[in-house]
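Here are some notes to read alongside the model, written for someone who is new to looking at structures. Please keep the sequence and the 3D view open while going through the points.

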Amino acid sequence: MLHLTDQQHQIVAHSHGPALVFAVAGAGKTTAMVHRVERLVRERVFAPRRILLSSFNRAAVDTIGQALDQWPHCKTVTRQTLHALGFKIIRHAAQHGALPAIPADGLKTNGEERTLLWAARDLARQRGVVSNEDLDALDEQDFLSYVAACKSNLRYPDLEAARLPAAALALATQAEPPPGLPYYRDLYRFYEELRHERGWITFDDMLLLGWEVLVRHADLRQHWQQSYDAVLVDEFQDVSLAQAEMLDLLVAQHRNVMAIGDDDQTIYGFRGAQMAFFRGFAQRYNAKIYEMTDNFRCRVGHVILANRVIAQNRERHPKTLVAARGCGGQTQLHTAPTDVAMARRLVDTVAAAHAAGYSYAQIAVLVRLNAHTPLIEQALITAHIPYHMAADEPFFRRREIADLLAYADLAAYNQRLLLRQPLSSEQAERLTLGWRRLYNRPKRYLNRQLAQECLTAALHQQQPLSTTLPTLADRVSSRVAHAMHDLADLLLWLGEAQSTLPAADLLAELDARLGYQDFLATQSGFPETGAGYAANVEACITYAQGKGSLAQFRAHLAQLETERTQLDPQADAVDLRTIHRAKGLEWPVVLLPFCNAGHMPFRGAEDLEEERRIFYVALTRAREELHLYAVEDRQIELSPFLRDVGATVLLRQAEQFAALLERDPRTWSAAETLNVATFPREYGQERLLRHWWQVPPELRRQVAGRVVALLQQLADAQATQRLGLHPADQDLWAELAGSDAALPDAPFSGIEHLLKPPPAPKPSPEPSRPAPYRVGERVQHPHFGQGTVIAVEAGRTGRTLEWYLTVRFNGRAPVKLLAGIAPIRRVEA
């Protein structure tokens, strides 16, 4: 029988009223949720049909439902996603005449939105509202993501035409186009016009229209408010405005709503999720707050690193993960001189883990962006290790890479025509496809008629594109004419340079001449999406270095494709995915490459705290082994997320703590015993020792007794404050030792060094300004980690007053620092 923790019991015991649950990664929140529901049903607090369980996606709901199905009396509990609930409300409204009838095939949730977009694009052409150049260059997925974000945040293409009631207008807003893409709003308006005509309900409409029904129709709102007596919503940190407001209307009469989530795992801001709804829940509903801090997934090293990283964020509910599974596993930071060496070292780790008994599918490589995969993919393929890319193409198939290579093909065909060499039918077909793909990418505002004339001249008169373009330039504006001349020059240069320049130099020059990365970065409704596309191009150029000419580079890519196909990624394969796609998942072994500044956080990221949350999510995916990789170079810094918390020292402390617990405590030196004494408090793991330390009682008493004996000697010598000890240390270990424990009498080697006070400060003039730190304060150093100030001395350099601090850093002898220049900061208690 499953034994619930004290934290889970508190949640299970909650019956009525609003509640907010902060559940850290790996906390067993599903267990708490389903046991609460089971109790509510068993004790007849609420009827099972009148309890609604919901979460962010279908997979999460299914997991909750499967856990609930162990109790027959809970079979009829309602469990569905918020989108499904929205559609249920819409369908009910249509059945009662509040909305038009939904056609039999009116529900469109399998990508049919793209056909709607195509029709909207045609309508925009017909009405002449959006230029053909903008429509030709449209990134379809980016626009659909824009529509999804608008609808999830109640942003209408024409707010006035929506004729919403006054109360709804306090929440709904007029959609604004992304910077540099003014036509998005017009296209959104046409998209919605056609959707209404066809009677379609898309996935994104389920929330917006569901909310609309509740806010427009009082009778229907009352029906749904009386349908459920209790509502539980998991992953609440990921809800959007539409979801939050639909739920608010649904529970308005009883407020029996429990929101469960983790503000530290809010990483979907780019698609409309807002942490404010989760963090503001308690105040909005005057909710009871619960915390689940036990982590049943990770090991101590993983947890203390994750805790220190996320603690740097200010916009969060303060909480500390507790490693319920204790010590063990691995947490390692690997460095390499180059990114290529880093990728090879990562693959060596994969091979070692596989040799140790892990299947490839139990190993995950998590990257911040897809642009970080090329070197990893090549290294895996070279090592004949199968891998699977979650929901994305291998790097050499991505559109932005294919575009650059298509330019090279176009220039090669142009070169053939210059040399009066006829094109074969296959080459003519490829020329046609390449030209139509590229003539307005990046935007040149070249209209379709002129583009077709260029193509016709090439196919039927064998006239090079570089010749035709300038001859037609006098028929357009000076801006377009300039772009046409530039394109002609580009094709001429590229046609000749392919045989002389190395691939990396060629692609870099091509990118610069096109302004391609700038184009990609600005032609997206979402800054991160555009930046990701641009990063893919940069990564491809870097990857091409040392791989010969363009022809040789393309042959290399073709070979990679062949070898990858032979690896059969459908079989046992390493899971390669972005961190965003890793949320909610776990693996025994997790590897995080590119832990350098510029990659983590991603260069140019606007929200540094969200970047840190993304890293935190990655750090909390591993069950046994967590491996981080960084390039160690003077020009490339370690990720500030690791540097700022003194990751190297921190991980060494965790490793030493685990190793000491494996040793006979009678062999511990005084310094080692002191490290054991302070580790739980310094890293927030007191609860681990009190609740989850699985050792025989006698060993527990021996360890705790050894620590208590040292603390007693230090207290007798009045050295506790000077060594950074806290009354909480004595309380913890005394509790673990027990009141009747006999303290071991084995001597402590090296105790004289701990008892020896620091040298007395030299007399100095009375300081004219107060000391910046006090004895006993905690400070953070980027290299030494955290430490305690054990002495503060004033001194003068000439007439300048200086303050010298003596700090005892974890696991180190005391260090003397000049406060004015040392890179330290105060750690708030």
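1. A good place to begin is strand β9, in which five of the five residues are buried, so the strand is largely enclosed by the rest of the structure. Please keep in mind throughout that this is a predicted model.

2. The burial of β9 concerns both of its faces: Val 257, Ala 259 and Gly 261 lie on one side, Met 258 and Ile 260 lie on the other, and all of them are buried. As background, the side chains of a regular strand alternate between the two faces of the sheet.

3. Turning to the partners of β9, strand β8 (residues 230-233) pairs with β9 (residues 257-261) in the parallel sense over three bridges. Within this pairing, Val 231 stands opposite Val 257, while Leu 232 has Met 258 as its bridge partner.

4. β9 also pairs with β1, again in the parallel sense, and here the pairing runs over four bridges. Met 258 appears in this pairing too, as the bridge partner of Ala 19.

5. These pairings belong to an open sheet of six strands with parallel pairing, in which the order is β3-β2-β8-β9-β1-β10. The edges are taken by β3 (78-79) and β10 (288-292), each of which has a single partner strand, so that one side of each is left without a neighbour in the sheet. In general, the strands of a sheet are paired through backbone hydrogen bonds.

6. The sheet should also be viewed together with helix α2 (residues 29-42), which lies across β1 (19-23), β2 (51-54), β8, β9 and β10, and which runs at about 170 degrees to β2.

7. A single residue outside the sheet is worth following as well, namely Gln 243, which is found in helix α13 (residues 241-250). Is Gln 243 buried or exposed? Its relative accessible area is 4%, and because the cut-off for buried is under 20%, Gln 243 counts as buried. Leaving aside neighbours within four places in sequence, Gln 243 is in contact with Leu 82, His 83, Leu 207 and Asp 238.

8. Finally, a search of the whole structure finds two cavities of 30 Å³ or more, and the largest cavity holds about 80 Å³ of space. Its lining residues, including Tyr 183, Arg 441 and Phe 519, divide into eight nonpolar, one polar and two charged. Helices α10 (183-198) and α25 (516-522) each supply at least two residues of this lining.

Notes. Residues are numbered from 1 along each chain as its sequence is written. This is a predicted model: local features need pLDDT of at least 70, side-chain atom pairs count only at pLDDT 80 or more; totals for chains, interfaces and linings use all residues. Side-chain values use heavy atoms; hydrogens and water are left out. Buried means under 20% relative accessible area, exposed over 50%, partly exposed in between (1.4 Å probe, protein chains only). Contact means heavy atoms within 4.5 Å. Two strands pair if DSSP finds at least two bridges between them. Axes are lines fitted to C-alpha atoms, for helices over the stretch in contact, and angles run from 0 to 180 degrees between N-to-C directions. On a 1 Å grid over the protein atoms alone, a cavity is a set of points where a 1.4 Å probe fits but cannot get out, and a pocket is an open set with protein on both sides within 12 Å along at least five of seven lines; lining residues have an atom within 4 Å of a point. Grid points are joined across faces, edges and corners, and a volume is the space filled by probe spheres set on the points. Ala, Val, Leu, Ile, Met, Phe, Trp, Tyr, Cys and Pro count as nonpolar, Asp, Glu, Lys and Arg as charged, and the others, Gly among them, as polar.
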